[in-house]
Amino acid sequence: MSAPKPLRGRALARRPLLVGALVTGLAACSSSRPAPGDSAPSAEAGAASAAPPATGPTSSSPASAAATTPTAPTAPATGPLAGWSLEQRVGQLLMMGVDAAEAPASARRAITSLHLGGVFLSGRSQGGTAATRAVVDSLTGLVGPESTGGAPLLVSTDQEGGDVQVLRGQGFSTIPSALKQSEQSAADLETAAAGWGGELAQAGVTMNLAPVADLVDIADPDSNEPIGAWGRQYGNDKETVIERAGAFARGMESAGVVATFKHFPGLGRVAGNTDTSASVTDSVTARTGDAAVEVFSRLIADGARVVMVSSAVYTLIDAGSPAVFSSVVVTDMLRGDLGFTGVVITDDVSAAAQVSTWGPAERAVLAVRAGCDIVLASGDPGVVEEMAQGLVDRARTDPAFAARVDESALRVLALKGVQS
């Protein structure tokens, strides 16, 4: 997510995710294959220069999708998705924002009716671990064969530290900013992060949308609104960022909390915040030979399980669309060039100004078609409902997109430990 407005929002695995066999099995059951984006502390979940994103249909736009003949996707004969409805599969691809202090009835309804695969504890809570656990239990208690196919919920939050710490109160430490954390040795930071992760686990949180892996290597870090201005970076050189962000993630993972590296391919060189600006553009970061991208490449090689994609536009990589909607960024670059086999989550695409040109349903379709596995939406519950319906409608008329949905659902289930 972006920079601070009041936030709406096991040791690091050294092996690739075990999803290859699952996806291969899916391919054998599907007649077609798919064709080859959190920023700064806004209250939830940014980037530099002019050039607004394209507003008309582009190569990423639903208007250019092939598919017109309605086709009901066929469930795989075996595997974790056997017997699941299309709606249940789509639900695994959605993560909805929920007030961390009190789960509204709309959130509980969404888990049962939209079959949500994940929730994001957003806003600010001073309730402590016990109160947070009560909120989480009210949501996870709705898991079952009819709601989520029996798969557990991913329960996430933003617990970076500094200005980006959703959960506070008794049982939660006051976590320093990433820049302050980086003053510790990597070993000490890993130990500290294991403690912070243990607090999250005690509260029922299974996923942290941290650490920030953005390289802020510009002359004036404070001019970088989403990251540098808030001290969210682990340093201003790639080796420090790789070492410290990796240490934070290993600590979280050792406590049983999934770490999320963000915001690929980097938000450390932009001026604006994607939550509040519709023209956040990076005209510097390149697809190859770039230190900011190398940070993610090295962390992926060390076993990263989840990567969040930025919603900024990167003109040297794909000037036609925000990164979360770009198959060049997500499929060709992140998965192809960097070999990432884990789960890709978008930055918050609920009410972010950067993607406001597109309607909710279109945002979800574009993100999934680009290769994202989880669409994060922390705002109005109605937005998530539109996204769910948009994904279902597209999958019903486009066999390649239906296969794309299943591929992502399998990755999400593998992250949750649900195997064939």
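Visitor: Which residue of S10 does Phe261 stand opposite?

Guide: A good place to start, with the reminder that this is a predicted model. To read a pairing, pick one strand and look across to its partner. Here Phe261 stands opposite Val307 in S10. The strands concerned are S8 and S10 (residues 306-309), which pair in the parallel sense over two bridges.

Visitor: What is the strand order of the sheet that holds S8 and S10?

Guide: Read a sheet from one side to the other. This one is an open sheet of three strands in the order S8-S10-S12, and its pairing is parallel. Strand S8 (261-264) and S12 have a single partner strand each, so on one side each lacks a neighbour in the sheet. From one strand to the next, the twist averages 30 degrees.

Visitor: Which helix lies across S8 and S10?

Guide: That is helix H8 (residues 291-301), which runs at about 145 degrees to S8.

Visitor: How many strands form the open sheet that includes S1 and S13, and in what order?

Guide: Six strands form that open sheet, with parallel pairing and the order S7-S6-S3-S2-S1-S13. At its edges are strand S7 (258-259) and strand S13 (375-377), each pairing on one side only. Within the sheet, strand S3 (residues 154-157) pairs with strand S6 (residues 207-208) in the parallel sense over two bridges, and Thr157 stands opposite Asn208 in S6.

Visitor: What are the bridge partners of Met96 in S2 and in S13?

Guide: A strand with neighbours on both sides can be read in both directions. In S2 the bridge partner of Met96 is Val119, and in S13 it is Ala377. Five bridges join S1 to strand S2 (residues 118-122) in parallel, while S1 and S13 pair in the parallel sense over three bridges.

Visitor: Is strand S1 mostly covered or mostly open?

Guide: For cover, count the buried residues along the element. Strand S1 (residues 94-99) is mostly covered, with five of its six residues buried. Helix H11 (residues 360-370) is mostly covered too, with nine of its eleven residues buried. Among the buried residues of H11 are Pro360, Arg363, Leu366 and Arg369.

Visitor: What do the buried residues of H11 pack against?

Guide: They pack against helix H10 (327-337), strand S12 (343-346), S13, H12 and H13. Just after H11, Gly371 takes a positive phi of about 125 degrees.

Visitor: At what angle do H12 and H13 cross?

Guide: For two helices, look at the axes and then at the residues between them. The axes of helix H12 (residues 381-397) and helix H13 (residues 399-415) cross at roughly 125 degrees and come within 5 Å. That angle makes H12 oblique to H13, and their crossing is left-handed. On the H12 side the contact is made by Leu391, Arg394, Ala395 and Thr397, and on the H13 side by Pro399, Phe401 and Ala402. By type, the residues of this contact divide into five nonpolar, one polar and one charged.

Visitor: Why does Ser182 count as buried?

Guide: Compare its relative accessible area with the cut-off. Ser182 is buried because its relative accessible area is 12%, and buried means under 20%. Ser182 lies in the loop between helix H5 (178-181) and helix H6 (186-202).

Visitor: Leaving aside neighbours within four places in sequence, which residues is Ser182 in contact with?

Guide: With those neighbours left aside, Ser182 is in contact with Tyr234 and Arg244.

Technical notes
Residues numbered from 1 in each chain as written. Predicted model: local features only at pLDDT ≥ 70, side-chain atom pairs only at ≥ 80, totals over all residues. Heavy atoms only, no water. Pairing = 2+ DSSP bridges. Helix = DSSP H or I, 4+ residues; strand = E, 2+ residues; numbered from the N terminus. Buried < 20%, exposed > 50% of the residue type's maximum accessible area, 1.4 Å probe, protein only. Contact = heavy atoms within 4.5 Å. Axes fitted to C-alpha atoms, helices over the stretch in contact; angles between N-to-C directions. Parallel < 35°, antiparallel > 145°, perpendicular 65-115°, else oblique. Left-handed = near helix turned anticlockwise from the far one by under 90°. Nonpolar A, V, L, I, M, F, W, Y, C, P; charged D, E, K, R; others polar.
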